[in-house]
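This report introduces selected features of one structure to a reader who has not met it before. The sequence and the model are shown first, and the description follows.

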Amino acid sequence: MDGVITADEAHNRADWKVGVDIGGTFIDFCALEVNSGRVASLKVLTTPEDPGAELMTGLALLAEREGFDPTHMTRFVHGTTVGINTIIQRKGAPLALFTNAGFEDVIELARLRMPDMYSLFCSRPDPLISRDMVFGIPARMRVDGSETKAPDVATVESAVAAAKANGAQGIIVAFLHSWRNAAQEASVKSAIARLAPDLFVFTSAEVWPVIREYERSSTAILNGYVHPRVSGYLTALEERLKSRGVPARPMLTKSNGGLMNAAEGKQACVNMLLSGTASGVIGAAWLARQAGEDRILTLDIGGTSADFALIIDGRPQFGTGELIGEFPLHIPSVSVSSIGVGGGSIASVDAQGVLRVGPESAGSTPGPACYGRGGERATVTDAMVVCGWLGHSEMAYGQLSIDTGLAHRAVGELARRLGRPVEQTAQAIVDIAVSEMFVEVEKLASRAGVDLRDFTLMPFGGGGPMLGAFLARELGMKRVMAPRRPGVVSALGGLVADLRGDFIRTIFSPLSAASLPIIRAAFEALASEGRDWLAAQGHDAAAELNFSCDMRYLGQSYEIEVVLSPEWLEESDAETIEQAFHRTHERLYDFHDPDGEIELVNIRLSAVGAGPALSFPEIDEIDVSASPARRLPVYTGLGVEAVDLHDRQTLVPGSSFQGPAVVVQDDTTLAIPAGVQARVDRHLNLLLTFAE
């Protein structure tokens, strides 16, 4: 019949775009069928013993439940914790470091700073490469890039032999001033490839060619340390997708919130160490822009940690120096602060009889006691079950059923040791978790110089909605925005992310009209590199090129990043660039020196290829009071109260109700304290407003 599309024709025209994120406990799926606008989401327990197997399980469940066809997948974006877990668990490749003779202590000396200068018991982490695996090579390059001593060939040969004898799987080559001239590193890499083709080699200049030998060396070490596991994982991923007939080339989320293809991910492993946390912030920023929210504090709680980030003017904040386990990451990344408090964080009583929460986590295996998977120690999730906020529906899309008896037993063990009622002990666990998050968020706000009362909290992840409203209340925030599918926001972030490549060059030049031609030429070279990178990723549309410089007053030790307009360079407008630096310095440090001589250290370029223009349906609001499914007893800290239980599926745009309340849905549970007005907007976000 004319104008009628058969079911088979509709199936054949399906266009599925899928975002996947693997966390410590669950792998999350967010799938969008573009033609119909239908969104499907799912959570599956991870399989730490076989990373990637849960991906196949999830795709099979999507096909079974949602009619998803992997052969109609035109976009597949994947975030994983394989890299960061390798570092945290110290299960990376045995490495050797080749550096200049006399500089063998570069990674142990680092910056001569302690992680916590006020702690008498603080110690620096053991380096990823032990001292006996660091080899000094007689070689020297001047700061201007001229060579004074070529690498000694005999020493390189003996060092390679010793590294292999000591069990090295790979070698990192990091020489002085390779940011200026990488020829010595390249020549040593070639020699190693000739002498030991079975070893992989990375040079510091090819990983991140930036000044300061420790930062450059440590970044290259992180890249090499995770390389075998990440490369092996991605190869297996490609084979598994191919076996399911997936035509889309797999893309990976990066620490900078962008994407790259899997082929690059096997070599540039360091770029995806924070992929999961970054894509969560990207997804949150996209949801915030859709809802017209421009100032957001994100709260991403998984099984192991709570991650916080600021979104200002609808955009995530970026920086360098984010911690990967115990080690700083010196490439650009979405600024995220983390603390070891999640839904699976274990509560314990120390030798002094003090109740503590985390950082040890039950993970997905065995998981919290209430999961019934063998866990016996009380966690934050168990505490929420004992209080009554959780346990009223299946969790994780039917993957888990809550056993309240097991939760009471686990928390009860702690209660007996403390000599307190079990409900009070559970509440104490929740309060400690919230207070530890409070401290970390206050640090973040202080560093950024923002007043959180001007922000809206967006909780996501499996545990974010569970604790988000309690944290917002303690912080004095007035609004909370819970997305329609909080449990899969990180997967959504991969779905909506852009391609993004970051490039850097150190040039060391005074800022003046005379130096601008050199600076402009360097930017043109980076722009060409950025366009080539986008083309290699398969992007053939227009590119967005963002320019910035790391600048400082002459005599300062560290620099600040200043965003530049291309027109300033084209017009040789040194004065405008100077004023931009002064304004940035004033904003960050509350002062500037208008007569100070300015030095330009690094130039940076971010090449962005826009992702698909996706949108979710909007529904007109209808002013209606929500009817609870039933009432249930909840221990709120003051006593047991009768609390309304709502099913998220029944809440339509315009629905409103008062807290205290519990809202259950497939991927999470929202706990809403008293004194809160809740309303559903046209995007199906649940907006919570605290009473003045």
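## Strand pairing and helix packing

Strand β31 (residues 640–647) pairs with strand β33 (residues 661–664) in the parallel sense, over 4 bridges; strands count as paired if DSSP finds at least two bridges between them. D644 has A661 of β33 as its bridge partner. The model is predicted, so local features need pLDDT of at least 70 and side-chain atom pairs count only at pLDDT 80 or more, while totals for chains, interfaces and linings use all residues. Residues are numbered from 1 along each chain as its sequence is written, and side-chain values use heavy atoms, leaving out hydrogens and water.

Both β31 and β33 belong to an open sheet of 4 strands with mixed pairing, in the order β30-β31-β33-β34. Its edge strands, each of which pairs on one side only, are listed below.

| Edge strand | Residues |
|---|---|
| β30 | 630–635 |
| β34 | 669–672 |

From one strand to the next, the twist averages 30 degrees.

Elsewhere in the model, helix α5 (residues 153–165) packs against helix α6 (residues 183–195) at an angle of about 50 degrees, and their axes are 10 Å apart. This angle makes α5 oblique to α6 (angles under 35 degrees count as roughly parallel, over 145 as roughly antiparallel, 65 to 115 as roughly perpendicular and the rest as oblique). V156, E157 and V160 of α5 meet V188, A191, I192 and L195 of α6, where contact means heavy atoms within 4.5 Å. The contact residues comprise 6 nonpolar, no polar and 1 charged.

Definitions and conventions
Axes fitted to C-alpha atoms, helices over the stretch in contact; angles between N-to-C directions. Helix = DSSP H or I, 4+ residues; strand = E, 2+ residues; numbered from the N terminus. Nonpolar A, V, L, I, M, F, W, Y, C, P; charged D, E, K, R; others polar.
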